[in-house]
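Q: Hey, can you walk me through this structure? I'm new to this, so plain words please.

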Amino acid sequence: MKRILVTGGAGFIGSNYIRHVLAAVADVSVVNFDALTYAGNLENLAGVDTDPRYQFVRGDIADKAALEALGPVDEIVHFAAESHVDRSIEDAGAFLRTNVTGTQTLLDFARRRSLGRFVHVSTDEVYGTLGPEDPAFSEETCIAPNSPYAASKAASDLLVRAAHHTHGMPVLTTRCSNNYGPFQFPEKLIPLMIANAMEGKALPVYGDGMNVRDWIHVEDHCRAVDLVRQKGRIGEVYNVGGRSERANITVVERILELTGRGRELIRYVKDRPGHDRRYAINDAKIRSELGFTTLHSFEAGLAATVQWYMTERAWWERVRSGAYRGYYERMYGARLGE
Ligand code: NAD
Ligand code: DAU
């Protein structure tokens, strides 16, 4: 049985990945190594946390001693990161520490232990921004990050690349577009708009609302990451996309329809500084080499996601009130210091 070290497994995508891999692959077990920052929520794992193949360890990827204290592991799937662009614009410090220093500390740990595959989960934001007629980002597109978040992820990608080139480490990198789905922290566009609409609050749309993102359901992204873990070629980068480019305002209007609210809730607000205009992904490589396909259309996936936030209202209300931080204490009997 392979033991996978999943970093950042208490976050949005990491928790969905753990659910996916434990359900889809019989002969793996998982160590979820997560610092439990504001974005880490162990409630995201309720139900799977009783699986004997699951273990949680609280720890920081930038802490060499905490990594050394881990028991045996075979492979790493690395999600842990500071992930919100607006926070990086306010203060980039934590982004450099976790995304850059943390990734290098994790690479050093993997090298000392001569571990197997190291899957680095990165983002299309490292490529920068596109104009309306530009071709989509391919794996050959030059890295040109525009936000401190994107710059820190680009730095981590380059460190991963260097680990392969210098030390021959068995690394693989994925670069995915915007995810949506269950358990996404309600600071990101889709869950923020759903929660605000449900509460009858204003929906803040940056700039003219015409910035374009490519949307992929988180379960499709998780399947892609595991495909790369199992079958990807060592040293390669794989783009992952949803082939669903939408202007932000179109997404917001659809959420209003799905929640039964009107356009009067829309508020156009000051634009994000340096706001990337458009992302689009050329994902031909992962589709042709590894046979990847998405299973969720954006229309059906968004409707299902709105339904999830309606059914699981208590989940995001506990996030908004801060009560979710108590889950760690109840489950593990320890206090969650900041
Ligand atoms: P998230 O913010 O929801 O979760 C991040 C998790 O990492 C949290 O559980 C947090 O506690 C943990 N973490 C943060 N710092 C840590 C540290 N120093 N040590 C250990 N754990 C730490 O993020 P997400 O949206 O799930 O994104 C996961 C990964 O996927 C990130 O690397 C992100 O760059 C990448 N990604 C995200 C998207 C997206 O649309 N959300 C798209 C492409 C790629
Ligand atoms: O492309 C992948 C990236 O997608 C990931 O690497 C990041 O971790 C993830 O946060 C996401 O980055 P974005 O900046 O694209 O996501 P966000 O949800 O913050 O914003 C999506 C778009 O919506 C963007 O154009 C900004 C806009 N927006 C966002 C918020 C939070 C608004 O108009 N209003 C808002 O309140």
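**The overall fold**

A: Sure! The protein chain has 12 helices and 12 strands, and keep in mind that this is a predicted model.

Q: OK, and why is the protein chain said to be as compact as a globular protein of that length?

A: Because its radius of gyration is 19 Å, close to the 20 Å that the globule rule gives for 338 residues.

Q: What does the C-alpha trace span along its principal axes?

A: About 55 × 50 × 35 Å for the protein chain.

Q: And how many of the residues count as buried?

A: In the protein chain, 56% of the 338 residues do. As for the outside, the chain exposes about 13,900 Å², and 52% of that comes from carbon and sulfur atoms.

Q: What about contacts between residues at least 6 apart in sequence?

A: Of those in the protein chain, 84% join residues at least 24 apart.

Q: Switching topic: where do the charges sit on average?

A: There are 40 positive and 43 negative charges in the protein chain, and their mean positions are 2 Å apart.

Q: Let's pick one helix. What span should α7 have?

A: Helix α7 covers residues 218-231, so at 1.5 Å a residue its 14 residues should span 20 Å. The end C-alpha atoms of α7 are 20 Å apart, which agrees.

Q: Is α7 largely enclosed or exposed?

A: Largely enclosed by the rest of the structure, because 10 of its 14 residues are buried.

Q: Which ones are buried in α7?

A: Val218, Asp220, His221, Cys222, Ala224, Val225, Asp226, Leu227, Val228 and Arg229.

Terms used
Residues numbered from 1 in each chain as written. Chains lettered and ligands numbered in written order. Predicted model: local features only at pLDDT ≥ 70, side-chain atom pairs only at ≥ 80, totals over all residues. Heavy atoms only, no water. Helix = DSSP H or I, 4+ residues; strand = E, 2+ residues; numbered from the N terminus. Rg over C-alpha atoms; globule rule 2.2 N^0.38 Å. Buried < 20%, exposed > 50% of the residue type's maximum accessible area, 1.4 Å probe, protein only. Contact = heavy atoms within 4.5 Å. Areas by Shrake-Rupley, 256 points an atom, 1.4 Å probe, with all protein chains shown as cover. Lys, Arg positive; Asp, Glu negative; His and termini not counted. Charge placed at Lys NZ, Arg CZ, Asp CG, Glu CD. Expected span 1.5 Å × (residues − 1).
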